[in-house]
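Please read these notes with the structure open beside them. Each point takes up one part of the chain.

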Amino acid sequence: MNNYKKNQLENFSSFHFSFINVEEKNNVFKITLNRPDKKNALHPQMINEIAFAMHYAHFNSSVWIVLFEAEGSVFCAGADLKAM
């Protein structure tokens, strides 16, 4: 997994995520798992996207809370064993 540096996050708002959605509003940074067809099961690229978003929140002083949500009927089924 990558350890991101503060300068790597400068263009965060223009980054396109494939498996999560992010929203920042009123000091709340919301990360929404967006893989409902696979019950939001985690796989390496999705984990990397979450790590990137969490590093952004860590270095952003206007973020007070990180909130995780998920699309679909299941929050997260765990690891995607086919991808591991």
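1. Thr32 and its neighbours. Outside the residues up to four places away in sequence, Thr32 touches Phe19, Ile20, Asn21, Glu69, Ala70 and Glu71, where contact means heavy atoms within 4.5 Å. Thr32 lies in strand β2, residues 28-33. Helices (H or I, at least four residues) and strands (E, at least two) are DSSP runs, numbered from the N terminus. Thr32 is buried, with a relative accessible area of 8%. Buried means under 20% relative accessible area, exposed means over 50%, and partly exposed is in between, with a 1.4 Å probe and protein chains only.

2. Basis of the values. This is a predicted model, in which local features need pLDDT of at least 70 and side-chain atom pairs count only at pLDDT 80 or more, while totals for chains, interfaces and linings use all residues. Residues are numbered from 1 along each chain as its sequence is written, and side-chain values use heavy atoms, with hydrogens and water left out.

3. The hairpin. Strand β1 (residues 20-25) and β2 run antiparallel and are joined by six bridges; two strands pair if DSSP finds at least two bridges between them. Val28 in β2 has Lys25 opposite. Two residues sit between the strands of this hairpin.

4. Asn26. Which residue in the hairpin of β1 and β2 takes a positive phi? Asn26 does, with a phi near 50°, although Asn26 is not a glycine. Asn26 is found in the loop between β1 and β2. With a relative accessible area of 65%, Asn26 is exposed.

5. Asn40. Asn40 also needs a look: its phi is positive, about 55°, although it is not a glycine. Asn40 lies in the loop between β2 and α1 (44-59). Is Asn40 buried or exposed? Asn40 counts as buried, at 0% relative accessibility. A polar atom of the Asn40 side chain lies 3.4 Å from the backbone oxygen of Phe75. Not counting residues up to four places away in sequence, Asn40 touches Leu33, Asn34, Arg35, Met46, Ala70, Glu71, Val74, Phe75, Cys76 and Ala77.

6. The nonpolar core. How many residues has the largest nonpolar core? It has 15, and those with the most contacts inside it are Phe12, Ile20, Phe29, Phe52 and Ala53. β2 and α1 each supply at least two residues of this core, and the largest share, six residues, comes from α1. A nonpolar core is a set of buried Ala, Val, Leu, Ile, Met, Phe, Trp, Tyr and Cys residues joined through side-chain atoms within 4.5 Å. Ala53 touches Phe12, Ile20, Val22, Phe29 and Ile31, leaving aside residues up to four places away in sequence.

7. Salt bridges around Lys30. The structure holds three salt bridges. A salt bridge is a side-chain nitrogen of Lys or Arg within 4 Å of a carboxyl oxygen of Asp or Glu. Side chains of opposite charge can pair when their charged atoms come close. Glu23 and Lys30 form one, with the closest N and O atoms 3.5 Å apart. Lys30 also forms a salt bridge with Glu69, where the closest N and O atoms are 3.6 Å apart. This pair links distant parts of the chain, 39 residues apart: Glu69 is in strand β3 (residues 65-70) and Lys30 in strand β2. Glu23, Lys30 and Glu69 are thus linked in a network of salt bridges. Each is partly exposed: the relative accessible area is 38% for Glu23, 22% for Lys30 and 32% for Glu69.

8. Arg35 and Asp80. What do the side chains of Arg35 and Asp80 meet in? They meet in a salt bridge, at 2.9 Å from N to O. Arg35 lies in the loop between β2 and α1 and Asp80 in the segment after β3, so the pair ties together parts that are 45 residues apart in sequence. Arg35 is buried, with a relative accessible area of 11%, and Asp80 is buried as well, with 12%.

Notes:
A polar contact is a pair of N or O atoms within 3.5 Å; within protein, one must be able to donate a hydrogen and the other to accept it, and residues adjacent in sequence count only if both atoms are side-chain atoms.
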